[in-house]
Amino acid sequence: MTDPVAGSYASALADGEPVLALRGVSKRFGAVQALTDVELEVHAGEVVALVGDNGAGKSTLVKSIAGVHTIDDGQIVWEGRPVSIHRPQDSQHLGIATVYQDLALADNLDVVANLFLGRELTTHGTLDEVAMEKRAQELLDTLSIRIPSVRIPVASLSGGQRQVVAIARSLIGDPKVVILDEPTAALGVEQTAQVLDLVERLRGRDLGVILISHNMVDVAAVADTVAVLRLGRNNGTFPMAGTTQETIIAAITGATDNAVTRRAARATWPRAEGEA
Amino acid sequence: MSTPPTRPSGSPDPSDPLSGFNPLEPPPGLDPTPSAAVAPPVDPRLLVRQEGLRGYVDEFKRKVRGGELGSLPVVIGLIIIWLIFSLQNSQYFSAANAEFIVYYMVGLGMLATGLVFVLLLGEIDLSVGSVSGLAAAIYAVLSVEHHWNAWLAVIVTLLAGMAIGGAQGWIFAKIGVPAFVVTLAGFLAWQGVMLWLLGSTGTINLEPKALNALFSGNSYFLGGDVAGAYILAGIAVVGFGASGFLEQRRRRTAGVPARPTGELVARTVVLAIGAFLVAWILNRASGVPNNAVIFLALLVICDFVLRRTTYGRKVFAVGGNIEASRRAGISVPMVRISVYAISGTFAALGGLAIAATTNAAGQAGADPNNLMMAIAAAVIGGTSLFGGRGRVWSALLGILVIESINAGLFMLGLTLDIQYMITGGVLLAAVVVDSLSRRTQKSSGRA
Ligand SMILES: Nc1ncnc2c1ncn2[C@@H]1O[C@H](COP(=O)(O)OP(=O)(O)OP(=O)(O)O)[C@@H](O)[C@H]1O
Ligand SMILES: [Mg+2]
């Protein structure tokens with residue numbers, strides 16, 4: 001398969017500066033040290049898959065970037081300058097859009113209201129329901145999800161439909177980095193493919209994407225880089241090309257020596273042309 | 001002759017944040033995905049509403065079965081109440097009694113309106129009764145004992161109500177004390193402040209000035225002129241009909257589903273019949289009381305705020321899912337504090353209205369019964385105790401039920417003990433209906 005955006009993607013990588021970088025981030029919950037000295041970099045036009053076992057700290061990391069949790073230690077660097085993210089608004093204003101694993105939709109509001117929550121379109125100070133509804137319909141059509149009506153409460157949607165609403169929600173506004181926490185977990189075959197297509201389109205638009213998934217096939221299909229978390233610590237970062245699934249799985253489960261896998265990763269850098 | 005300016009179609013609206021970049025549109029280099037071009041087929045399982053009256057009736061039946069009862073139980077309840085009392089006492093079904101009900105419902109109705117905002121958050125405000133009594137006392141002390149300008153005293157009183165509500169909301173939102181406890185403390189404390197303000201006499205007679213004059217029992221819209229009631233009914237019908245058809249046109253031009261014309265006409269006709277009937281009845285007595293006009297105007301404003309502004313959307317969102325609201329960038333504490341401030345303001349306004357009915361601020365102003373009636377009214381009218389569902393109109397419907405019962409019991413000469421038992425029973429019934437309808441809604445995926 002040839003990737004039509006490989007050129008722009010390569011140039012984005014070449015200029016080196018990550019849009020978003022985490023430096024030595026730590027987060028404690030009472031007695032649980034959920035994250036310890038975590039490093040992560042996302043460049044424009046790069047899809048970083050964040051993988052790790054259950055409870056490895058992936059969602060905690062995402063929520064720290066999104067401003068749901070504040071970090072105890074370390075630095076979040078946005079476009080080269082350190083920023084402090086204390087509230088979800090801070091993260092949104094920077095241009096980070098997040099789809100949470102626990103979807104966070106208001107059940108009593110309809111699909112349109114949920115999509116635009118916190119970013120409603122207005123005319124003369126009042127809600128522009130017509131524009132929002134039209135726009136919502138277009139967005140959902142692009143994701144080829146069947147939702148009976150955009151005017152029904154989210155409570156009456158299936159798990160997968162809710163997930164697509166949550167994904168569509170992150171695309172409203174003008175994000176520079178999109179974080180997807182297990183976006184395909186509840187989706188059917190068709191919708192999973194649509195979401196993976198979407199991830200590729202986001203990369204084509206030079207957005208940075210952090211994709212969390214337990215599905216190695218999905219990861220292999222779209223990721224450029226794989227970052228492994230294990231017990232709240234980094235356990236290797238691999239370019240997708242030239243890295244075998246076994247290597248990644250070994251890092252996730254902690255079955256091999258870390259130094260060796262990191263060496264292997266360095267040996268295959270820079271990444272070869274074309275996808276694995 | 002000038003032609004109306006037309007917007008060039010297809011040009012992006014610069015104020016629209018979405019008109020520029022669209023992450024979903026394939027970039028120029030990429031093939032457009034076929035799925036983006038073809039609209040997905042309509043889900044065949046979706047029960048689509050038929051056009052016309054038939055479809056309206058079907059949809060209505062489906063909603064009732066799904067637990068979306070709306071105003072139906074209240075309207076039926078009201079009719080039953082009116083029937084029962086009319087059978088007991090022929091005087092009940094008279095214009096004078098209707099006038100009585102409309103006039104006396106306003107004070108408590110205002111308390112209930114503020115409570116609707118609080119209930120939409122899924123919280124409660126137990127202090128509204130005491131705040132209303134305190135507000136009347138503040139107004140009386142300022143305007144009568146200190147001879148302040150009456151309007152200035154009104155404004156200071158309303159600001160005091162707002163500050164009290166805001167302070168309680170602040171303690172709830174920022175310190176994290178459960179709202180139930182904060183407002184229970186307020187329930188006691190503000191009553192204490194009221195008694196202290198009223199002093200040894202316990203009652204201060206008011207002068208018919210400013211808002212107090214407008215709220216008093218012989219103040220009618222346009223001086224009680226027959227035209228007054230019909231003008232009000234006409235404004236309501238024209239406003240309702242026009243906004244319905246304007247919205248329909250806007251939606252049709254934008255190509256999104258709109259209400260069918262038949263339904264709009266039917267709704268407007270129903271409203272017209274109701275409004276002009278009420279106007280006619282009130283005209284057979286003395287006309288529309290000014291306090292009711294103010295109450296209705298406030299309801300229209302609140303309804304607009306809740307359904308058409310971003311602020312209202314935030315209130316519903318926080319009532320539905322606090323964490324989702326927070327993650328959407330809504331400042332949950334600000335919403336909470338402001339809602340309690342609104343509740344406090346309405347409590348103060350209600351207090352002034354209640355005081356005007358007796359032309360005095362007295363110790364009975366903070367009657368705990370007022371609090372229970374106001375909560376009952378909001379819930380009976382259809383605002384859920386569980387948050388996120390309800391309308392301000394439920395304050396009007398609910399208080400109509402309560403006042404209809406009170407007027408009937410009063411007419412039958414029933415004593416306070418029976419009144420309390422019956423009101424308690426009605427409140428319980430309303431809460432049970434609310435809980436049951438929530439359960440049905442859950443099972444049919446609507447809650
Ligand atoms: N709000 C919280 N309070 C206390 N502990 C928490 C909280 N959130 C997460 N944790 C703990 O932090 C650790 C990491 O959890 P996290 O949800 O980040 O895992 P994850 O990698 O996303 O797992 P999964 O793949 O199952 O989604 C777990 O041990 C969890 O118990
Ligand atoms: Mg997780």
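## Starting with a strand pair

How do strand β1 (residues 20–29) of chain A and strand β4 (residues 73–78) of chain A pair, and over how many bridges? The two run antiparallel, with five bridges between them. One matched pair is Ala21(A) with its bridge partner Val77(A) in β4(A). Keep in mind throughout that this is a predicted model.

## The four-stranded sheet

That pair belongs to an open sheet of four strands in chain A, ordered β2-β1-β4-β5, and the pairing is antiparallel. At the edges stand β2 (32–42) and β5 (81–83) of chain A; each has a single partner strand, so one side of each is left without a neighbour in the sheet. From one strand to the next, the twist averages 30°.

Helix α2(A) lies across β1, β2 and β4 of chain A. Relative to β2(A), helix α2(A) runs at about 65°.

## The six-stranded sheet

Chain A also has an open sheet of six strands, and here the pairing is mixed: the order reads β6-β9-β10-β3-β11-β12. The edge strands are β6 and β12 (233–239) of chain A, each pairing on one side only. Ignoring direction, neighbouring strands of this sheet are turned by 15° against each other on average.

Helix α2(A) turns up here as well: it packs on the sheet and touches β3, β6, β9, β10 and β11 (225–230) of chain A. Its direction makes about 150° with that of β9(A). Another helix, α9 (residues 245–253) of chain A, lies across β3, β11 and β12 of chain A and runs at about 25° to β11(A).

## A closer look at β10(A)

Strand β10 (residues 208–212) of chain A is mostly covered, with five of its five residues buried. In a regular strand, side chains alternate between the two faces of the sheet. For β10(A), both faces are covered: Gly208(A), Ile210(A) and Ile212(A) are buried on one side, and Val209(A) and Leu211(A) are buried on the other.

What does β10(A) pair with? Strand β3 (residues 47–51) of chain A joins it in the parallel sense over four bridges. Within that pairing, Ala49(A) stands opposite Leu211(A), and Leu50(A) has Ile212(A) as its bridge partner. Strand β9 (residues 177–181) of chain A is also parallel to β10(A), with five bridges joining the two. Leu211(A) is in play there too, as the bridge partner of Leu180(A).

The route from β9(A) to β10(A) involves a helix: together with α7 (residues 189–204) of chain A, the two strands make a right-handed β-α-β unit.

## Two loop residues with positive phi

Asp206(A) sits in the loop between α7 and β10 of chain A. It is not a glycine, yet its phi is positive, about 65°. With a relative accessible area of 35%, Asp206(A) is partly exposed.

Leu231(A), in the loop between β11 and β12 of chain A, is another residue other than glycine with a positive phi, near 50°. Is Leu231(A) buried or exposed? It counts as exposed, because its relative accessibility is 64%, and the cut-off for exposed is over 50%.

## The magnesium site

Which protein atoms act as donors of the magnesium ion (ligand 2)? They are OG of Ser59(A) and OE1 of Gln101(A), lying 1.9 to 2.0 Å from the ion. The pair links distant parts of the chain, 42 residues apart: Ser59(A) is in helix α2 (residues 58–66) of chain A, while Gln101(A) is in the loop between β6 (96–99) and α4 (111–115) of chain A. Gln101(A) is partly exposed, at a relative accessible area of 40%.

## Two threonines in chain B

Thr309(B) is in the loop between α11 (290–308) and α12 (310–320) of chain B. It counts as buried because its relative accessibility is 12%, and buried means under 20%. Its side chain reaches the backbone oxygen of Val305(B) at 2.4 Å. Leaving out residues up to four places away in sequence, Thr309(B) touches Gly125(A), Leu127(A) and Phe304(B).

Thr415(B) is in the loop between α16 (393–411) and α17 (416–443) of chain B. At a relative accessible area of 47%, Thr415(B) is partly exposed. From Tyr230(B), Thr415(B) is 185 residues away in sequence and 37 Å away in space, C-alpha to C-alpha.

Definitions and conventions
Residues are numbered from 1 along each chain as its sequence is written. Chains are lettered from A and ligands numbered from 1 in the order in which they are written. This is a predicted model: local features need pLDDT of at least 70, side-chain atom pairs count only at pLDDT 80 or more; totals for chains, interfaces and linings use all residues. Side-chain values use heavy atoms; hydrogens and water are left out. Buried means under 20% relative accessible area, exposed over 50%, partly exposed in between (1.4 Å probe, protein chains only). A polar contact is a pair of N or O atoms within 3.5 Å; within protein, one must be able to donate a hydrogen and the other to accept it, and residues adjacent in sequence count only if both atoms are side-chain atoms. Contact means heavy atoms within 4.5 Å. Donors are N, O and S atoms within 2.8 Å of the metal (3.2 Å for Na, K and Ca); water is not among the atoms, so sites may look incomplete. Two strands pair if DSSP finds at least two bridges between them. A crossover is right-handed if, with the strands pointing away from the viewer, the path from the first strand over the helix to the second runs clockwise. Axes are lines fitted to C-alpha atoms, for helices over the stretch in contact, and angles run from 0 to 180 degrees between N-to-C directions.
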